[in-house]
Amino acid sequence: MTAAAGLSRTFWSGRRVFVTGHTGFKGGWLMGLLQRLGADAHGYALAPPSEPNVFTAADVSRFGSSTIGDIRDGTRLAAAMADAAPEIVLHLAAQALVRPARANPVDTFSTNVVGTAQVLDAVRAAPGVTACVVVTSDKVYDNVEWPWAYRETDRLGGKEPYGASKACTELVVESYRASYFSGDGHTALLASARAGNVIGGGDWAEDRLIPDAVRAFSTGGSLTIRNPSSVRPWQHVLEPLSGYLRLAEALATGVSLPPPLAYNFGPAADDAVPVRVIADEIASRWAGAASWSHDTRFQPYEARLLEVDSAKARTLLGWQPRWRLAQALDRTIDWYKAFYAGHDMHVFTQRQIDEYLNG
């Protein structure tokens with residue numbers, strides 16, 4: 001049985017899955033998506049990174065089991081993975097914010113690079129794993145701000161610590177694949193997944209557009225924006241998550257995928273729009289006195305233009321985005337309004353996932 005989103009319920013039903021980063025925004029939604037597909041999900045991550053947070057608000061612990069721990073703690077991580085005995089590993093745990101990475105680069109490199117090596121070492125010791133997907137970022141590319149989308153074969157790079165740490169993560173994946181997961185080594189297949197700016201309910205991270213807007217608008221304040229002309233590929237969080245699962249499914253079922261085993265998951269080309277457009281759309285949906293202004297003070301480097309080409313995922317995995325930008329914004333603002341109105345967000349989150357899966 002296949003959901004409208006292209007994911008096989010037959011494949012995922014009862015499948016043992018180990019998710020790192022399950023207390024974060026994307027990880028929380030991934031746990032919900034796996035639960036709605038019938039998987040047996042086991043999460044491993046630090047405590048939720050903000051207050052409020054999607055893990056608590058949506059009661060994500062009801063979507064699967066949970067272990068609180070640091071991915072850099074190899075002993076604890078390996079023990080948790082051994083206890084879970086997974087068939088699929090989805091590695092999302094990371095320091096995922098550009099500005100904190102600039103403020104604390106050593107911790108960012110440690111978490112994103114060394115942490116990934118610890119995860120892959122734990123996979124080496126887990127003989128039942130058939131597929132592992134490591135999630136990096138669209139910021140892995142050496143962004144020269146050309147006017148076309150980046151493909152998986154384009155050069156990796158990073159002009160700031162976050163992007164550089166994710167490019168390094170890609171090298172860790174490639175080195176582990178060549179050294180330990182090929183030939184007479186472990187039989188698991190490794191792939192990396194690259195996605196950009198995701199939106200959806202339950203994100204309260206600092207220095208992200210929609211969380212900043214929600215914090216401002218929910219208290220009657222005004223949103224301040226650093227770079228209103230920056231163009232990003234906006235998509236609902238469920239879009240790349242469905243891509244990660246489709247990729248893992250293809251690896252685990254022996255679908256022939258040519259190298260490199262890296263895949264972009266981005267929205268339709270015309271859903272890559274400037275920050276100011278998103279700000280206008282959010283303010284309009286929130287209504288009332290919601291407004292925004294431009295912070296004209298000096299800002300550290302951030303790319304002004306970034307888009308990814310997802311043709312490879314569409315062609316080889318049969319994946320494609322389902323919700324256009326307007327639909328993604330509608331569901332995002334609906335989620336936050338329901339939260340502030342006191343709704344049961346576990347049920348509300350399940351309902352949105354079912355809407356996505358069933359079309």
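This is a short tour of three helix pairs, a pocket and a cavity, with something to select at each stop. Keep in mind as you click around that the model is predicted.

**Stop 1: α6 and α7**

Start by selecting residues 105–124, which are helix α6, and residues 161–180, which are helix α7. Give them two colours and look at how they sit together. Their axes are 9 Å apart, and the packing angle is about 20 degrees. Angles under 35 degrees count as roughly parallel, so α6 and α7 are roughly parallel to each other. If you turn the view to see one helix in front of the other, the crossing of α6 past α7 is right-handed.

Now show side chains. On the α6 side, the residues to pick are P105, T108, F109, N112, V113, T116, A117, L120, D121 and R124. They meet a set in α7 that includes P161, Y162, K166, C168, V172, V173, Y176 and Y180. What mix of residue classes makes up this contact of α6 with α7? Colour by class and you'll find 13 nonpolar, five polar and three charged residues.

**Stop 2: α4 against α6**

Leave α6 on screen and add residues 74–84, helix α4. The axes of α4 and α6 come within 9 Å and cross at roughly 40 degrees. That angle makes α4 oblique to α6. The crossing is right-handed.

To see where they touch, select G74, L77, A78 and M81 in α4, then Q118, V119, A122 and V123 in α6. This contact has six nonpolar and two polar residues, with no charged ones.

**Stop 3: the second largest pocket**

Go back to α7 and add β6, residues 189–195. Each of these two elements supplies at least two residues to the lining of the second largest pocket. Which one gives the most? That's α7, with five residues.

The pocket has a volume of about 150 Å³. To centre your view on it, pick E170, E174, R194, P260 and A262, which are the closest to its centre among the 14 lining residues. Colouring the lining by class shows six nonpolar, two polar and six charged residues.

**Stop 4: α8 and α10**

Next, hide the pocket and select residues 209–218 for helix α8 and residues 275–286 for helix α10. These two pack at about 35 degrees, with 11 Å between their axes. Here too you can check the handedness: α8 and α10 make a right-handed crossing.

The side chains to show are L209, I210, A213, V214, F217 and S218 from α8, together with V275, I278, A279, I282, A283 and W286 from α10. Colour them by class, and 11 turn out nonpolar and one polar, while none is charged.

**Stop 5: the second largest cavity**

How many cavities of 30 Å³ or more does the structure hold? There are two. For this last stop, look at the second largest, which has about 40 Å³ of space.

Select W234, Q235, H236, P267, A268, D271, P321, W323, R324, L325 and A328 to show its lining. Two elements are worth colouring here: β10, at 235–236, and α12, at 325–340, each supply at least two of the lining residues. By class, the lining of this cavity has seven nonpolar, two polar and two charged residues.

Notes:
Residues are numbered from 1 along each chain as its sequence is written. This is a predicted model: local features need pLDDT of at least 70, side-chain atom pairs count only at pLDDT 80 or more; totals for chains, interfaces and linings use all residues. Side-chain values use heavy atoms; hydrogens and water are left out. Axes are lines fitted to C-alpha atoms, for helices over the stretch in contact, and angles run from 0 to 180 degrees between N-to-C directions. Helices (H or I, at least four residues) and strands (E, at least two) are DSSP runs, numbered from the N terminus. Angles under 35 degrees count as roughly parallel, over 145 as roughly antiparallel, 65 to 115 as roughly perpendicular and the rest as oblique. A crossing is left-handed if the near helix is turned anticlockwise from the far one by less than a right angle, and right-handed if clockwise. Contact means heavy atoms within 4.5 Å. Ala, Val, Leu, Ile, Met, Phe, Trp, Tyr, Cys and Pro count as nonpolar, Asp, Glu, Lys and Arg as charged, and the others, Gly among them, as polar. On a 1 Å grid over the protein atoms alone, a cavity is a set of points where a 1.4 Å probe fits but cannot get out, and a pocket is an open set with protein on both sides within 12 Å along at least five of seven lines; lining residues have an atom within 4 Å of a point. Grid points are joined across faces, edges and corners, and a volume is the space filled by probe spheres set on the points.
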